[in-house]
Amino acid sequence: MEVEQKIAKKHVVNIVYGESIEVRGIVCALEYDENIAVFKLADNILTIQGSGFDVKSIDVDSGVAVVTGSVSGLEYSKTKEKQGFFKRLIK
């Protein structure tokens, strides 16, 4: 008998006064620094742009991440595109 593991496709994003953000339903953190945080959700990728980011907590077991800093934008995508050196250079 096979055991099928189901991942919830729902997620919740709470932004508090544009100064902190809590994401529930993450699968893993792909990248983060002071200007960007990228999280893999069950069915897509969430990219958070801003400045002064400080990742307060990432708990993959419970699927929760908390980031403080100034949030300027959110973007959903199906995959995280890696940009090559020349593509970034031409940009």
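Me: Before I look at any details, what average pLDDT does the protein chain have?
Reply: Keep in mind that this is a predicted model. In the protein chain, 77% of the residues score at least 70. The average pLDDT over the chain is 82.

Me: Which element of the protein chain has the lowest mean pLDDT?
Reply: Strand E4, residues 36-41, sits at the top with a mean of 94. At the other end, with a mean of 56, is helix H1 (residues 85-90). Where pLDDT is low, the predicted coordinates should not be read in detail. So the name you want, the element with the lowest mean pLDDT, is H1.

Me: And over residues 1-5, how many contacts beyond four places in sequence does the model have?
Reply: That's a stretch to treat with care, as pLDDT stays under 50 over residues 1-5. The number of contacts beyond four places in sequence there is 0.

Me: What order do the elements run in from the N terminus on?
Reply: The protein chain has 1 helix and 6 strands. Reading from the N terminus on, the order is β-β-β-β-β-β-α.

Me: In what order do the 6 strands stand in the open sheet?
Reply: The order in the sheet isn't the numbering order, and the pairing is antiparallel. Strands of a sheet pair through backbone hydrogen bonds, either parallel or antiparallel. Going across this open sheet, you get E1-E2-E6-E5-E4-E3.

Me: Which strands stand at the edges?
Reply: Look for strands with a single partner strand, so that one side is left without a neighbour in the sheet. That fits residues 12-16 and residues 26-32, which are strands E1 and E3.

Me: What does the twist average from one strand to the next?
Reply: Picture stepping across the open sheet in the order E1-E2-E6-E5-E4-E3. From one strand to the next, the twist averages 45°.

Me: How many bridges join strand E5 to E6?
Reply: Strand E5 covers residues 45-59 and runs antiparallel to E6. One pair to find is aspartate 59, which stands opposite valine 64 in E6. The number of bridges joining E5 to E6 is 12.

Me: Which residue in the turn of the E5 and E6 hairpin has a positive phi?
Reply: The hairpin has 4 residues between its two strands. In that turn, a phi of about 75° belongs to glycine 63.

Me: What is the bridge partner of glutamate 22 in E6?
Reply: Strand E2 (residues 20-24) pairs with E6 (residues 64-77) in the antiparallel sense, over 5 bridges. Serine 20 has threonine 68 as its bridge partner in E6. For glutamate 22, the partner in E6 is valine 66.

Me: Which side chain meets glutamate 22 in a salt bridge?
Reply: Side chains of opposite charge can pair when their charged atoms come close. Glutamate 22 is partly exposed at 22% relative accessibility. Its salt-bridge partner is partly exposed too, with a relative accessible area of 40%. At 3.4 Å, N to O, that partner is arginine 24.

Me: How far apart are the closest N and O atoms in the salt bridge of lysine 56 with aspartate 54?
Reply: The structure holds 2 salt bridges. In this one, lysine 56 counts as exposed at 53% relative accessibility, while aspartate 54 is partly exposed at 35%. Their closest N and O atoms are 3.1 Å apart.

Me: Is threonine 47 buried or exposed?
Reply: Threonine 47 is in strand E5. Beyond four places in sequence, threonine 47 is in contact with Ile36, Ala37, Val38, Gly73, Leu74 and Glu75. Its relative accessibility is 10%, and buried means under 20%, so threonine 47 counts as buried.

Me: What separates the C-alpha atoms of glutamate 31 and threonine 47?
Reply: Glutamate 31 is in strand E3 and is partly exposed, with a relative accessible area of 31%. Along the chain, glutamate 31 and threonine 47 are 16 residues apart. Their C-alpha atoms are separated by 9.1 Å.

Me: Is asparagine 44 buried or exposed?
Reply: You'll find asparagine 44 in the loop between E4 and E5. Not counting residues up to four places away in sequence, asparagine 44 touches Phe39, Tyr76, Ser77 and Lys78. With a relative accessible area of 14%, asparagine 44 is buried.

Notes:
Residues are numbered from 1 along each chain as its sequence is written. This is a predicted model: local features need pLDDT of at least 70, side-chain atom pairs count only at pLDDT 80 or more; totals for chains, interfaces and linings use all residues. Side-chain values use heavy atoms; hydrogens and water are left out. Two strands pair if DSSP finds at least two bridges between them. Buried means under 20% relative accessible area, exposed over 50%, partly exposed in between (1.4 Å probe, protein chains only). Contact means heavy atoms within 4.5 Å. pLDDT is the predictor's confidence in each residue, from 0 to 100. Axes are lines fitted to C-alpha atoms, for helices over the stretch in contact, and angles run from 0 to 180 degrees between N-to-C directions. A salt bridge is a side-chain nitrogen of Lys or Arg within 4 Å of a carboxyl oxygen of Asp or Glu.
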